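New notebook page today. I want to get my bearings in this one, so I'll jot down what I look up as I go.

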Amino acid sequence: GYKGNVGIAKLDSRDFSVINSTFFANVQDKDFQSAVASKDSVFAFDSAGNTLYKINISSYGVYLSSTGRLGAGTTNFNTASQIALEGNENVLVSDSFNNKIKLFRQKDLKYVSSFGELGIGTTNLSMPTGITADANNIWVGDDGNFRIVKLNLSTYGFVSEKRLDTNTIATISLQNDDDGFLYVSYNKVSDRPFFQDVVLEKRR
C-alpha cells in the first residue's frame with residue numbers, strides 16, 4: 001500500500017475558483033481518478049481501492065454509500081477508467097481490465113447490470129476506458145480494439161463505430177454535450193494525428 005493526498009473540488013466554471021472541496025492528507029490506498037456530479041451528489045471512483053463512492057454534494061467530506069473492491073464479480077472492479085451518468089437513474093463505470101461496462105443505481109449504488117465480453121466483435125470490448133451517455137446511447141472508448149463504439153442504451157446493441165488511427169492503446173476519455181457533439185481526449189504514441197480524418201459526430 002501507499003499513502004498520499006487526495007481530494008475532490010467543485011470549481012466555478014468562469015474563473016476556476018473553488019466553491020466547495022474536500023482534502024484528505026496522508027490517506028492510505030486511496031486515489032480518486034474520475035468524478036461526475038448529479039444535482040444532489042458527486043460520484044467518484046477510487047482506483048487504488050477499486051471502489052465507487054457517492055458523496056454529498058453539499059458536504060464533500062460525507063460519503064453516502066460505496067461499492068466495490070478488486071475482483072471480477074458484478075460488484076467488483078479491476079481498474080475502472082471513467083464513470084458517467086445515465087440521466088437520473090444509473091452510474092456507468094468502464095471496468096477496464098474486466099472488459100465490461102457496469103451500471104449501478106445513483107440512489108444507493110446497487111448493482112443493476114453489466115455488458116461486454118473480451119473480443120473483437122461489434123458488441124465485444126477490450127480494455128474499455130472512456131464512457132459517456134445521453135438519453136438514447138452510450139459511447140465507449142474501446143481502447144484494445146482501437147475504436148470508439150456507439151451502443152443503444154436500452155439494449156446495449158451495436159449502433160456504429162469509429163476506428164482509430166493509432167498504433168498503441170490510447171487511454172481515451174469521452175464527454176458529450178447538449179448540442180450533440182462528442183468530445184475526445186487521448187494519449188498515444190504515433191506521429192500521425194489521432195483524428196486527422198475524423199469529423200466528430202453531430203448526434204441530432
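Which strands make up the open sheet, and in what order? I'm working from a predicted model here. I looked it up: the order is β3-β4-β5-β6, an open sheet of 4 strands with antiparallel pairing. At the edges I found β3 (32-37) and β6, each pairing on one side only. I noted the twist too, which averages 20 degrees from one strand to the next. A reminder to myself: strands of a sheet pair through backbone hydrogen bonds.

Next I went to the β4 and β5 pair. β4 covers residues 41-46 and β5 covers residues 51-56, and 6 bridges join them in the antiparallel sense. I checked who faces whom: Ser41 stands opposite Asn56, and Phe43 stands opposite Lys54. The two strands form a hairpin with 4 residues between them. In that turn I spotted Asn50, with a positive phi of about 50 degrees.

Then I followed β5 to its other partner. β5 and β6 run antiparallel, joined by 4 bridges, and here Ile55 stands opposite Tyr63. Is β5 mostly covered or uncovered? Mostly covered, I find, with 5 of its 6 residues buried.

Last stop, Arg69. I found Arg69 in the loop between β6 (63-67) and β7 (80-86). Arg69 counts as exposed because its relative accessibility is 61%, and the cut-off is over 50%. Beyond its neighbours within four places in sequence, Arg69 is in contact with Gly49, Asn50, Thr75, Asn76 and Phe77. So Asn50 of the hairpin turn turns up again on my page, as a contact of Arg69. I also noted 9.9 Å between the C-alpha atoms of Arg69 and Thr79, which are 10 residues apart along the chain.

Note on methods. Residues numbered from 1 in each chain as written. Predicted model: local features only at pLDDT ≥ 70, side-chain atom pairs only at ≥ 80, totals over all residues. Heavy atoms only, no water. Buried < 20%, exposed > 50% of the residue type's maximum accessible area, 1.4 Å probe, protein only. Contact = heavy atoms within 4.5 Å. Pairing = 2+ DSSP bridges. Axes fitted to C-alpha atoms, helices over the stretch in contact; angles between N-to-C directions.
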